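Open the model in your viewer and keep the selection box handy. We will walk from one stop to the next, and at each one you will find a selection to make.

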Amino acid sequence: MDRRDPVLAVDAAADDRFDGSRSISHLNLRSVLAVPMRFRGELLGAIYVDHRLRRGNFDDDDLTHVEEFAELAALAVAHARALDEVRQQAERLTAQHAQLTELVAAREAEVVGLRARVQDEPGDGGERHGIVGSTPAMQKVYRLVDRLADTDVPVVIYGESGTGKELVARAIHRGGIRRTGPFVAENCGAIPETLLESVLFGHAKGAFTGADRARIGLFEAAQGGTIFLDEVGEMSPGMQTKLLRVLQEGEVRRVGENASRPIDVRVIAASNRDLDQMVEQGKFRRDLYYRIHVVRVTLPPLRERPDDIALLLQHFLARRGGKLRVLPATVRALQGYAWPGHVRELGNLSLIHI
């Protein structure tokens, strides 16, 4: 078993390999034959035979036969193990299926209860933190918002356009220690690179053509509060470098000025692109990524939470004064749509039909 080699002893009592072995003398062994059982390099055991009266009872032909049998035996053992593992896995899957069935039934009952509550309380609409949704994916978002509200760590919110990234950012701000400060939002992908630095950091009078007076930037405007940088992945490498300097030093320098001004703001960024992948591709600075990407919040697309569509419709209709009742058939039809514009598209649809 240790050497994984076969053993053939003509006279075990006189064999030097078994010196000091009590079983040889106690059992009065003479002929011994042992072959390891191996399957794909794994040692499964050994086949052992002996004769306690006759010396030289086994020869090389016997060794060959036992080795052939050991190969078949090892295959049988491995097959039996695999079958046993499959049976155990099937039992685990059956148990998990039963648990999932119970969980789905409980979730369905919860959804039914929520829908009934929405009908009884039209003003609630499943809304929390100013966000509408009651599916498990949104409950996870709510829990993250609750946890992040009492901290001051940088956050990156991921989600496709129209999923409500700014709503989540505002919810984090409203529940946090900076709630009394301003909340300033800007879409970094909607401003030309030549103007973005001035928008974020401000500029001095005469800094460039058209700068007829000095203006503060959004970072200064957000002093003591939160700045929300939407689509931060659209920033050019040069702007990424300037933003990193501001975050590292905690101060901004207006375009056209030499003096710096201290800032105290919380940064919440958002992106519809995978910043991890952009870092690996060299399109986003790794040091800036680690500066802003402390906690990640991922918003599910509307197509992945169709059970929220009825709640969202009721919310939009109630907010805009609509008195239409959404029929179940209408909800089912809307749930089958892909919603590339997500919640924003659904809101616009409800506006059209009021």
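The tour goes through strands, a helix and some ring pairs.

Before we start, note that this is a predicted model, in which local features need pLDDT of at least 70, side-chain atom pairs count only at pLDDT 80 or more, and totals for chains, interfaces and linings use all residues. Residues are numbered from 1 along each chain as its sequence is written, and side-chain values use heavy atoms, with hydrogens and water left out.

**Stop 1: a strand and its partners.** Select residues 31-39, which are strand β2. Strands here are DSSP E runs of at least two residues and helices are H or I runs of at least four, numbered from the N terminus. Seven of the nine residues in β2 are buried, meaning under 20% relative accessible area, where exposed is over 50% and partly exposed lies in between (1.4 Å probe, protein chains only). Now add residues 7-9: this is β1, antiparallel to β2 and joined to it by three bridges; strands pair if DSSP finds at least two bridges between them. Look for Leu8 opposite Leu33. Next add β3 (residues 42-51), which pairs with β2 in the antiparallel sense over nine bridges, with Ser31 opposite His51. Two residues separate β2 and β3 in their hairpin, and Arg40 in the turn has a positive phi of about 50 degrees.

**Stop 2: a helix.** Select residues 193-201 for α5, where Leu196, Ser198, Leu200 and Phe201 are buried. Show their neighbours: these residues pack against elements including β10 and α7 (237-249), with contact meaning heavy atoms within 4.5 Å. Just after α5, Gly202 has a positive phi of about 85 degrees.

**Stop 3: the rings.** How many aromatic pairs does a search of the whole structure find? There are four; ring centres of Phe, Tyr and Trp (its six-membered ring) must lie within 6.5 Å, and planes under 30 degrees apart count as stacked, over 60 as edge-to-face and the rest as tilted. Select Phe183 and Phe228: their centres are 6.3 Å apart and their planes at 20 degrees, so they are stacked. Because Phe183 is in β7 and Phe228 in β10, the pair ties together parts 45 residues apart in sequence. Phe183 is buried at 16% relative accessibility, and Phe228 at 1%.

Then select Tyr289 and Tyr290, an edge-to-face pair with 5.3 Å between centres and 70 degrees between planes. Tyr289 is buried at 9%, whereas Tyr290 is exposed at 53%.
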